[in-house]
Amino acid sequence: LPNYPLTRRFTMMERVLTETRVLFFYLSLLLVPRIDQFGHQHDDILLSTSLVTPWTTLLAIIGHLFLIALAFRIHKRQPLLALGILWFYVAHLLESTLFNLEIAYEHRDYLAALGVSFILISLLELARTKLRWRYALVLLPVIAISFGGITFLRSTQWADHNYFYRYEVEHHPNSARIQIGYSILLEAQGRYAESMQAIRRSVEIEPDEPGYWLQLHLIAARLGVTLSPDDQQKTLQMLGTAPISATTMLALDHTIGCFQSWCKSLQIPFENWIHAILNRGQKAPYDKAYFHYLLGLTYAAQGRINDALEELRFSYVSDRSYLHPLFVIASIHIQRGERDQAEEAMQELRLANARSRYPRTKDLAILEQQFSKMTAAHPGNER
């Protein structure tokens with residue numbers, strides 16, 4: 001099996017092997033719902049790197065083969081039980097096999113839970129009829145009350161961000177994503193020093209995730225300090241070699257959003273970060289147009305307009321279905337009152353938007369209004 005692209009921290013083989021254990025983890029959440037096992041993120045699940053690492057991988061594979069074989073064997077005598085077993089597996093065919101998704105999320109059990117309900121009802125009916133246990137059905141309201149109680153407790157945790165992350169950090173101390181989520185909450189509350197501690201914990205757990213290193217820089221900017229040269233060098237190293245994940249992309253977008261306000265100090269470091277990504281050689285991201293677009297935004301924020309326009313133009317030429325660079329080019333000319341250049345950029349943008357599979361008509365209408373105001377204020381020829 002080929003390796004996954006750079007957006008995942010595991011190979012396809014590792015994912016498939018790990019999912020054999022994850023499926024039993026899902027079953028445990030449904031059959032024995034322990035409140036401390038639930039979690040918004042499950043990135044703390046150990047990856048299976050072989051059939052025996054960890055050893056429970058092989059045990060899980062044997063268990064799944066047994067259950068599937070059992071379902072086919074009993075499907076005539078116990079159709080509801082067989083349906084429940086097969087329903088659970090079919091419900092997980094998409095999200096727990098070869099598709100390039102994250103390892104585990106609890107919402108993947110929503111449909112599969114119906115199959116487990118069939119299994120429980122079937123087993124209780126077998127206990128009542130075959131084993132002559134007259135009180136078997138009494139367990140139904142007991143199960144409903146216990147499951148409802150767990151659901152109520154979990155919903156109260158989700159009802160408040162502070163409670164939610166307090167429990168998540170307590171129950172999943174080795175989840176880097178929970179730590180980073182907690183740090184973002186602390187940042188929003190202005191508790192920057194505590195936020196920095198949570199991010200440091202994320203870096204300790206998953207040191208090869210560039211996004212966590214970028215978040216360190218952002219909180220340092222909040223505190224008005226600069227990270228050590230070692231941390232800065234480590235950040236560049238990670239961006240030049242480690243997988244560019246969704247977490248990394250979110251951190252880059254977050255940084256772009258504060259360039260003109262509280263994180264101006266990161267404009268030059270951000271430029272270096274993008275260069276590190278683009279200089280990866282064979283491991284460079286396939287969507288280079290987006291990173292040249294980010295570089296163009298960086299130059300624009302620094303007032304290097306000619307460099308910005310050059311990068312934005314290169315971004316669009318690299319991927320003509322990507323309209324963002326054209327919007328920024330037109331916006332720059334409009335803001336600078338350059339009538340002729342703005343008219344040329346707007347005409348190109350109109351044509352590109354018209355043939356785009358994903359037109360941004362509303363955004364274009366807003367830009368058209370800005371262009372009209374600019375032309376009214378600058379009626380002369382700027383060339």
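## The disulfide

In this predicted model, the torsion about the S-S bond of Cys 258 and Cys 263 comes out at about 100 degrees, so the disulfide is right-handed. The two sulfur atoms sit 1.8 Å apart. If you go looking for another such bond, you won't find one: the structure holds one disulfide.

Are the two cysteines buried or exposed? Cys 258 has a relative accessible area of 2%, so it counts as buried, the cut-off being under 20%. Cys 263 is buried too, with a value of 0%.

## A nonpolar patch on the surface

Turn to the outside and there's a nonpolar surface patch of about 600 Å². Its makers are Leu 131, Trp 133, Tyr 135, Val 138, Leu 139 and Val 142.

Take Leu 139 from that group. Leu 139 belongs to helix α5, which covers residues 139-158. With a relative accessible area of 31%, Leu 139 is partly exposed. Why does Leu 139 qualify for a patch on accessible area? Patch residues need over 30% relative accessible area, and Leu 139 has 31%.

## The cavity inside

How many cavities of 30 Å³ or more are there? The count comes to one, and the largest cavity holds about 60 Å³ of space.

Which residues line the largest cavity? Arg 9 is there, along with Gln 41, His 42 and Asp 43. The lining also takes in Glu 102, Ile 103, Ala 104 and Tyr 105, plus Arg 177.

Conventions. Residues numbered from 1 in each chain as written. Predicted model: local features only at pLDDT ≥ 70, side-chain atom pairs only at ≥ 80, totals over all residues. Heavy atoms only, no water. Patch = residues over 30% accessible without salt bridge, like charges linked within 9 Å, V, L, I, M, F, W, Y side chains within 5 Å. Areas by Shrake-Rupley, 256 points an atom, 1.4 Å probe, with all protein chains shown as cover. Salt bridge = Lys/Arg side-chain N within 4 Å of Asp/Glu carboxyl O. Helix = DSSP H or I, 4+ residues; strand = E, 2+ residues; numbered from the N terminus. Buried < 20%, exposed > 50% of the residue type's maximum accessible area, 1.4 Å probe, protein only. Disulfide = S-S within 2.5 Å. 1 Å grid on protein atoms, 1.4 Å probe; cavity = no way out; pocket = protein on both sides within 12 Å on 5 of 7 lines; lining within 4 Å. Points joined across faces, edges and corners; volume = space filled by probe spheres on them.
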